[in-house]
Amino acid sequence: MTYQSDLLRLLDERGYIHQVTDAAALDALAARQVVPAYIGFDPTAPSLHVGSLVQIMLLRRLQQAGHKPIVLMGGGTGKVGDPSFKDEARKLANDDTIAANIASIRTVFARFLRFGDGPSDAVMLDNAEWLDALEYIPFLRDVGQHFSVNRMLSFDSVKLRLDREQSLSFLEFNYMILQAYDFLELSRRAGCRLQLGGSDQWGNIVNGIELSRRMDGTEVYGVTTPLITTADGGKMGKTMAGAVWLNEDQLSHYDYWQFWRNTDDRDVGRFLRLFTDVPLDGIARLEKLAGAEINAAKVVLADAATAMCRGDEAARVAAETARRTFDEGGAGAALPTFDIPDDTIGIVDALVLAGLAASKGEARRKLGEGAVRVDDAVVADGHVVALSPGGSTKVGLGKKKHALLRRR
């Protein structure tokens, strides 16, 4: 389909569109007026990770096309937990933890979106504002009557758990009703006409569209993004060392930059389109690079993605640290640094402490492979790192993972 609106054309060109409900009607609406649109984020941790970044970028694209992003924090739904394609129930967080997580997450969005009172300025809302005030019986009577249990059981997110004979609590089963109600409330409160989300949210989005139509006669729409995986089939944002967090207090600037620099050759063009503002003609030139030259495109990706999330200075220092670490064999200032309380530490414990190895067993395997270096010299199991007060030592695992140990 050839889109007429700047919004859908931009999303299509950059590779964000997987499914659209009534694409022609949404395209016409976006071509004639500002469309408020939302994505929900449940505050299950103090930071979102790279797996959520495509949704944040989707809101950024929405604003770039002249429309209004609504960031919906799940202060209410976060108390339930989205069961979509999860193998087991999420641990329930208390109110204080949820509030602290929302405050921590909030800081990231200001780097990607422009907030304010203008027609296309972003706003942040919390669904606890209306969900916490719901009375159970009136909610069941007014909203629950519009949901068929038979249909709810047919959604893939529910069937997955049931087919595996894994428990799905009644609390989790209600999540899709609460998310549909969010769409209805945002339509009423903020004139929201569009919900955006990942492909796993399709059923929940359709529920919200149907609820708004049945209760208010309002036409609203949905757009989902494709599941973002790496070229080797891995889940976006997951590494051997764990999640790639967006908040700097959860992950160093250098490690964030290095995550993008280590992108598979096959993913560079796609990730430049999805996760940076590099113009499309520039991306077309970069993704034609082959062999060792593709590394230049990876640096562009790492610089642009890091600058957007962490700031220009963080990107510059991280890139300089990488240059010194890899090109000169030195240690740049942005390498993740870990304090040790004593003058010495065994190399196995040092690798685990610095997050270079996930376990002592992995550390010993890597030592046996000759993959561990201390100040650029290969060391073996049993090596002891000695530090003087105020001194530091560079520890490396393979070619790409490095950290500094510093005497506390």
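Asparagine 247 lies in the loop between β8 (242-243) and α12 (253-261), where helices (H or I, at least four residues) and strands (E, at least two) are DSSP runs numbered from the N terminus. The model is a predicted one, in which local features need pLDDT of at least 70 and side-chain atom pairs count only at pLDDT 80 or more, while totals for chains, interfaces and linings use all residues. Residues are numbered from 1 along each chain as its sequence is written, and side-chain values use heavy atoms, with hydrogens and water left out.

Asparagine 247 is buried because its relative accessible area is 4%; buried means under 20% relative accessible area, exposed over 50%, and partly exposed in between, with a 1.4 Å probe and protein chains only. Setting aside residues up to four places away in sequence, asparagine 247 touches Pro46, Ser47, Leu48, Ser104, Thr107, Val108 and Arg310, a contact being heavy atoms within 4.5 Å. With Ser104 there is also a polar approach, since a polar atom of the asparagine 247 side chain lies 3.0 Å from the backbone oxygen of serine 104. A polar contact is a pair of N or O atoms within 3.5 Å; within protein, one must be able to donate a hydrogen and the other to accept it, and residues adjacent in sequence count only if both atoms are side-chain atoms.

The next stop is a pair of helices. Two packed helices are described by the angle between their axes and the distance between the axes. Helix α3 (residues 53-64) and helix α4 (residues 95-112) have axes that come within 10 Å and cross at roughly 45°, the axes being lines fitted to C-alpha atoms, for helices over the stretch in contact, with angles running from 0 to 180 degrees between N-to-C directions. That angle makes α3 oblique to α4, because angles under 35 degrees count as roughly parallel, over 145 as roughly antiparallel, 65 to 115 as roughly perpendicular and the rest as oblique. The contact brings Leu53, Ile56, Met57 and Arg60 of α3 against Phe109, Arg111 and Phe112 of α4.

A second loop residue, histidine 146, is placed between α6 (136-142) and α7 (149-154), and with 22% relative accessibility histidine 146 counts as partly exposed. A polar atom of the histidine 146 side chain lies 3.5 Å from the backbone oxygen of aspartate 142. Leaving out residues up to four places away in sequence, histidine 146 touches Leu211, Arg214 and Met215; its C-alpha is 8.6 Å from that of glutamate 210, although the two residues are 64 apart in sequence.

Alanine 128 belongs to helix α5 (residues 128-131) and counts as buried at 15% relative accessibility. Apart from residues up to four places away in sequence, alanine 128 touches Gly75, Gly76 and Ala133, and the C-alpha atoms of alanine 128 and leucine 72, 56 residues apart along the chain, are separated by 9.9 Å.

Aspartate 22, in the loop between β1 (19-20) and α2 (23-32), has a positive phi of about 50° although it is not a glycine. At 48% relative accessibility, aspartate 22 counts as partly exposed.

For the protein as a whole, there are 18 helices and 15 strands, and 49% of the 408 residues count as buried. Among contacts between residues at least 6 apart in sequence, 72% join residues at least 24 apart.
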